[in-house]
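User: I am a first-year student and would like a close look at one part of this model, namely the loop that follows the third strand of the first chain. Please set that part in its wider context as well.

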2 protein chains.
Amino acid sequence: MSENVDSILGDQASVPAAAEFARRCRDVGLADTPQRRVIFAALTSSKDHPSAEVLHGRVKERLPRISLATVYRNLSLFVEKGLVDGVATASSHARFDANPHKHHHLICKSCASVTDVYSAAYDALGVDRLESGGFEVQEIKVTGYGLCPRCKTKETNDA
Amino acid sequence: MSENVDSILGDQASVPAAAEFARRCRDVGLADTPQRRVIFAALTSSKDHPSAEVLHGRVKERLPRISLATVYRNLSLFVEKGLVDGVATASSHARFDANPHKHHHLICKSCASVTDVYSAAYDALGVDRLESGGFEVQEIKVTGYGLCPRCKTKETNDA
DNA sequence: TTACGAATGATAATCTTTCCTAATCCGGTG
DNA sequence: CACCGGATTAGGAAAGATTATCATTCGTAA
């Protein structure tokens, strides 16, 4: 493991950033590995929103032997632990409904079930409260993540 | 094509529903095919939010020869045309950022680019305006879909 | 430094999308 | 109401993307 892991962030920032990352890993119960340092650093220095594959390409410049699976695995872990933010753009692994009324969704983090919800308060805000920088917003989706009633009681009993 | 396409919805409802579906297809420029009728009917009669694969299983009871690709293709078309609603539950085809500030996303329907946005108005509403039926909401994501500045000017020129 | 649990890399399995060709749908005609 | 022609669609297979598995290596705390 001889690559200079930190230089992605630039040499001044690298040492504090590495220490900060190590601390955040410890906080959420993840080991501080070179691969994770590089993945996180590459994402931090990305201005776009790269996909796992694109990020893998960037990371490989520093760690040529890193596996694509490692990138997928850790991005997903980072999202789960709240270290990074993920957006699903395409329809993959999607779930569908034909409910014709305007509604939003609640997704259970534990069992992945989906529930329809209605919220006049959110609908009232509308599109223009989210527009910025010339982006024309046509539709807004609000999604809540948490625990469905069934999983909530289950978690309580486990603890 | 001898299967009884409409009976999924029950015999009383079937005839009006079929005509209604044909009309909606015409409105959005899609041909009215047996496969689409069955897919849509199966989704309409589903109380859960089935995935493409699950729905394919249900549809196959009526059209045993229907291809999984057809189900994926048409669900995606239905979402695009607004006939049904889709939710991305897993991380597939996801895009990532390490922006540590609370933010939401704008997704361009044309080029799929992702932009960060901040909205005090939406953040102010908070979690409880979306809770219902005992679901414990821990986090809310607001996503806007539309046209980014670059694609907006492009569309204008095309038309 | 050691020992144990966790993470990586490689590959296989799974899921989703795309491509290509033959069949089907739709509007206008006879 | 059956038929024709152009455009759209379905099926099947192949490509692409994501996830799971497993032996080996690594990180961490004592």
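Analyst: The account below begins with the chain as a whole, turns to the loop, and then goes on to other parts of both chains. The model is a predicted one.

Chain A has six helices and five strands. Read from the N terminus, its elements follow the order α-α-α-α-β-β-β-β-α-β-α. Chain A has 159 residues, of which 42% count as buried. Among the contacts in chain A with a separation of 6 or more, 48% are between residues 24 or more positions apart.

The loop in question joins β3 (104-108) to β4 (114-117) in chain A, and A:S113 is found there. Is A:S113 buried, partly exposed or exposed? Its relative accessibility is 22%, and A:S113 therefore counts as partly exposed, since the buried class is reserved for values under 20%. Leaving out residues up to four places away in sequence, A:S113 touches A:R95, A:L106, A:I107, A:C108 and A:C148. One of these partners, A:R95, is 18 residues from A:S113 in sequence, and the two C-alpha atoms are 9.4 Å apart in space.

The loop between β3 and β4 of chain A also holds A:A112. The backbone deserves attention here. Most residues other than glycine have a negative phi. A:A112 is not a glycine, yet its phi is positive, at about 65 degrees. With a relative accessibility of 33%, A:A112 counts as partly exposed.

Chain B offers a counterpart for study. B:A112 is found in the loop between β3 (104-108) and β4 (114-117) of chain B. Phi of B:A112 is near 65 degrees, again a positive value in a residue other than glycine. B:A112 has a relative accessible area of 31% and is therefore partly exposed.

Beyond β4 of chain A comes another loop, which leads to α5 (120-125) and contains A:Y118. A:Y118 has a relative accessibility of 52% and so counts as exposed, because the exposed class takes values over 50%. Apart from neighbours within four places in sequence, A:Y118 is in contact with A:N99, A:H101, A:K102 and A:H103. Of these, A:K102 is 16 residues from A:Y118 in sequence, with a C-alpha to C-alpha distance of 7.3 Å.

The helices of chain A may be considered next. Two packed helices are described by the angle between their axes and the distance between the axes. In chain A, helix α3 (residues 52-60) and helix α4 (residues 68-81) have axes that come within 9 Å and cross at roughly 120 degrees. This angle makes α3(A) oblique to α4(A), because it falls outside the range of 65 to 115 degrees for roughly perpendicular axes and is not over 145, the limit for roughly antiparallel ones. The crossing of the two helices, α3(A) and α4(A), is right-handed. On the side of α3(A), the residues that meet the other helix are A:A52, A:E53, A:L55 and A:H56, and their partners in α4(A) are A:L68, A:V71, A:Y72 and A:L75. By type, the residues of this contact between α3(A) and α4(A) comprise six nonpolar, one polar and one charged.

The corresponding elements of chain B can be described in like manner. Helix α3 (residues 52-60) and helix α4 (residues 68-81) of chain B pack at an angle of about 120 degrees, their axes being 9 Å apart. Accordingly, α3(B) is oblique to α4(B). Here B:A52, B:E53, B:L55 and B:H56 of α3(B) form the contact with B:L68, B:V71, B:Y72 and B:L75 of α4(B). These residues of α3(B) and α4(B) divide into six nonpolar, one polar and one charged. The crossing of α3(B) with α4(B) is right-handed.

Helix α2 (residues 34-44) of chain B is mostly covered, for eight of its 11 residues are buried. The buried residues of α2(B) are B:P34, B:R36, B:V38, B:I39, B:F40, B:A41, B:A42 and B:L43.

Finally, the cysteines should be mentioned. A disulfide is a covalent bond between the sulfur atoms of two cysteines. Over all chains, the count of disulfides is zero. B:C108 is in no disulfide, as the nearest cysteine sulfur, that of B:C111, is 3.7 Å away, whereas a disulfide requires sulfur atoms within 2.5 Å. B:C108 has a relative accessibility of 2% and so counts as buried. B:C25, at 0% relative accessibility, likewise counts as buried.

Conventions: Residues numbered from 1 in each chain as written. Chains lettered and ligands numbered in written order. Predicted model: local features only at pLDDT ≥ 70, side-chain atom pairs only at ≥ 80, totals over all residues. Heavy atoms only, no water. Buried < 20%, exposed > 50% of the residue type's maximum accessible area, 1.4 Å probe, protein only. Axes fitted to C-alpha atoms, helices over the stretch in contact; angles between N-to-C directions. Helix = DSSP H or I, 4+ residues; strand = E, 2+ residues; numbered from the N terminus. Parallel < 35°, antiparallel > 145°, perpendicular 65-115°, else oblique. Left-handed = near helix turned anticlockwise from the far one by under 90°. Contact = heavy atoms within 4.5 Å. Nonpolar A, V, L, I, M, F, W, Y, C, P; charged D, E, K, R; others polar.
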